[in-house]
Amino acid sequence: MLTNTRLVHGQHDHSRCVDAALSRAEDLCQKKNAKLTPTRATVLSILWQSHRPLGAYQVQGRLSKITGKAIAPPTVYRAIEFLLRLGLIHRLPSLNAYIGCPFPNSEHSNLFMICIECGCVAEIADASLNTRLQTACDKTNFKLHSQNIELFGVCPQCSVPTINEDISHV
Ligand SMILES: [Zn+2]
Ligand SMILES: [Zn+2]
Ligand SMILES: [Zn+2]
């Protein structure tokens, strides 16, 4: 099983996440003969600014701020399309938002744990889960084309009561 849950749900130096995402992207682009243009790289780093997904409009706003120029929506969508195609980011359908992938170029379950309190999203890839889903589809003659599993709940950070909350109950 691959997951970034410990990182997403724990205190860490997030600048390392951003750096790691950019270097993974460079490696993958080199392997796939694709070009990580400055705009594409900036959009990726915007999506890695936190472990919370962003909508296209939010990406557009941040890109305009960073570049100091008005950015047209097609520019943002083209960059997002490119990153999606390479598997460097994912689209969360229910939120219509995008999140960076912590392990592109590996087997995927497209399974996301979304915290309803803080909005953080962690990803899990589990080969045995994929096998079970494929078996269920085979048994029912359902031709599986794509898979997207969104779990909503409360992350470990948000489920720990804060000291202030304890005092207010006394
Ligand atoms: Zn991080
Ligand atoms: Zn992923
Ligand atoms: Zn949370």
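A residue counts here as exposed if 12 or fewer other C-beta atoms lie within 10 Å of its own, and as buried if 20 or more do. With that cut-off in hand, the face of helix α5 turned away from its buried side can be described as carrying the exposed residues P73, P74, E81 and R85. The structure in which this helix sits is a predicted model, and the paragraphs below move from the chain as a whole to α5, then to the sheet, and finally to helix α6.

The secondary structure of the chain amounts to eight helices and six strands, which follow one another along the sequence in the pattern β-α-α-α-α-α-β-β-β-β-α-β-α-α. Along its principal axes, the C-alpha trace spans about 55 × 50 × 25 Å, and 23% of the 170 residues count as buried. Of the contacts between residues at least 6 apart in sequence, 57% join residues that are at least 24 apart.

Helix α5 covers residues 73–85, and its length can be checked against expectation: at 1.5 Å a residue, its 13 residues should span 18 Å, and the end C-alpha atoms are indeed 18 Å apart, which agrees. Which residues of α5 are buried? They are V76, A79, I80, F82 and L83, and, seen down the helix axis, the buried residues fall within an arc of 160°, so they line one face of the helix. The spacing fits a general property of such helices: an α-helix has 3.6 residues a turn, so residues three or four places apart point the same way.

The buried residues of α5 pack against two helices and two strands, namely α3 (38–47), α4 (56–67), β2 (89–92) and β3 (97–100). With regard to α3, its axis and that of α5 come within 9 Å and cross at roughly 80°; because angles from 65 to 115 degrees count as roughly perpendicular, α3 and α5 are described as roughly perpendicular to each other. On the α3 side the contact is made by T39, R40, V43 and L44, and on the α5 side by T75, V76, A79, I80, F82 and L83. Just after α5 comes G87, which takes a positive phi of about 75°.

The sheet is the next element to follow. Four strands form an open sheet in the order β1-β5-β4-β6, with mixed pairing, and its edge strands are β1 and β6 (149–153), each of which pairs on one side only. Strand β1 (residues 2–3) runs antiparallel to β5 (residues 121–125) and is joined to it by two bridges, with T3 standing opposite I124. Strand β4 (residues 111–115) also pairs with β5 in the antiparallel sense, here over four bridges; M113 stands opposite A122, while I114 has V121 as its bridge partner. The hairpin of β4 and β5 has five residues between the strands, and within this hairpin G119 takes a positive phi near 80°.

Helix α6 (residues 127–139) has 13 residues and reaches 18 Å from its first C-alpha to its last, close to the 18 Å expected at 1.5 Å a residue. Is this helix buried or in the open? The number of its 13 residues that are buried is zero, so α6 lies largely in the open, whereas α5 has buried residues that include V76 and I80. Following α6 is N141, whose phi is positive, near 55°.

How values were computed:
Residues are numbered from 1 along each chain as its sequence is written. Chains are lettered from A and ligands numbered from 1 in the order in which they are written. This is a predicted model: local features need pLDDT of at least 70, side-chain atom pairs count only at pLDDT 80 or more; totals for chains, interfaces and linings use all residues. Two residues are in contact if their C-beta atoms, placed from the backbone, lie within 7 Å. Two strands pair if DSSP finds at least two bridges between them. The expected span of a helix is 1.5 Å times one less than its number of residues. The arc is that of the directions from the helix axis to the C-beta atoms. Axes are lines fitted to C-alpha atoms, for helices over the stretch in contact, and angles run from 0 to 180 degrees between N-to-C directions. Angles under 35 degrees count as roughly parallel, over 145 as roughly antiparallel, 65 to 115 as roughly perpendicular and the rest as oblique.
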